[in-house]
Amino acid sequence: MAKFSIYNIKKILIFIFLSINTFLFSISYAHEYRHNELLINHPYSIPTRPGTDNGVMYIVSIKNTSDMEDELIGVSTATASLSEIHSMKKVNGIMKMRRISAIKLPPNETVSIKKGNNNGYHIMLFGLKNKLKHGDNFDAILHFKNTESLKVNVEIIKTNNTHKH
C-alpha cells in the first residue's frame, strides 16, 4: 500500500480543485451552441450608447452543417420590448438600415452576423428595459424556419469591427 504524506494529499487536492474550477469556468463562458445541424458561434451585444433606449445584438457566425437551407426568422428577449432583424446597405452613396424578414442560412455554409459583416446584418433591440453594460449578459431566443428555437446567452462586450472568436 502506498504511503501518502500530508504534503502529497494537499497537492492532489489543489490539483483537483483547480481542474474543477477550470472546467466550470470554461462551461460558464462557452459561447458556441450546437443546435441540431446549426452551429451558433458567440452571440454578443455592445453597451448602450448614451441617450438611447435601443441596443444591438450580433452573432459572430451561424454555420449550417446540413444539406437543407434554414433561416433565422426572429429573435426575442425579455431585455427589449421589440427585436428586429436588420440589414444595412449603401444605396446611392447613403447607408440605409432596413428591417428584413429573415437571414438565409444556406446548406453547408457559414453566415456572419458580427459587427461590420458584409451584409450589415444585426438584430435591433428596441425599448430596452435596462441599459446594456459591459460585463453584463442577457438571454435571447433565436427563432428558425426549419429548426426549433434556441435559447442563448448574450454577453455584453466592448468591441470594434475586428472582434474575433
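User: What makes a contact a salt bridge?

Analyst: A salt bridge is a side-chain nitrogen of Lys or Arg within 4 Å of a carboxyl oxygen of Asp or Glu. Keep in mind that we are looking at a predicted model.

User: Why is the pair Glu 84 and Arg 99 called a salt bridge?

Analyst: The closest N and O atoms of Glu 84 and Arg 99 are 3.6 Å apart, and the cut-off is within 4 Å, so the pair qualifies. Glu 84 sits in strand β5 and Arg 99 in strand β6, 15 residues apart, so distant parts of the chain are linked.

User: How do you know whether Glu 84 is buried or exposed?

Analyst: The relative accessible area of Glu 84 is 17%. Buried means under 20%, so Glu 84 is buried. Its partner Arg 99 has 57%; exposed means over 50%, so Arg 99 counts as exposed.

User: What makes Lys 104 and Glu 69 a salt bridge?

Analyst: Their closest N and O atoms are 3.9 Å apart, and that is within 4 Å, so the rule is met. Lys 104 lies in strand β7 and Glu 69 in the loop between β3 and β4, so the pair ties together parts that are 35 residues apart in sequence.

User: Why is Lys 104 called partly exposed?

Analyst: Lys 104 has 47% relative accessibility. Partly exposed lies between the 20% and 50% limits, so the label fits Lys 104. Glu 69, at 36%, is partly exposed too.

User: How many salt bridges does this rule give?

Analyst: The count comes to 5 salt bridges. One of them joins Lys 151 and Asp 139, at 3.5 Å from N to O.

Methods: Residues are numbered from 1 along each chain as its sequence is written. This is a predicted model: local features need pLDDT of at least 70, side-chain atom pairs count only at pLDDT 80 or more; totals for chains, interfaces and linings use all residues. Side-chain values use heavy atoms; hydrogens and water are left out. Helices (H or I, at least four residues) and strands (E, at least two) are DSSP runs, numbered from the N terminus. Buried means under 20% relative accessible area, exposed over 50%, partly exposed in between (1.4 Å probe, protein chains only).
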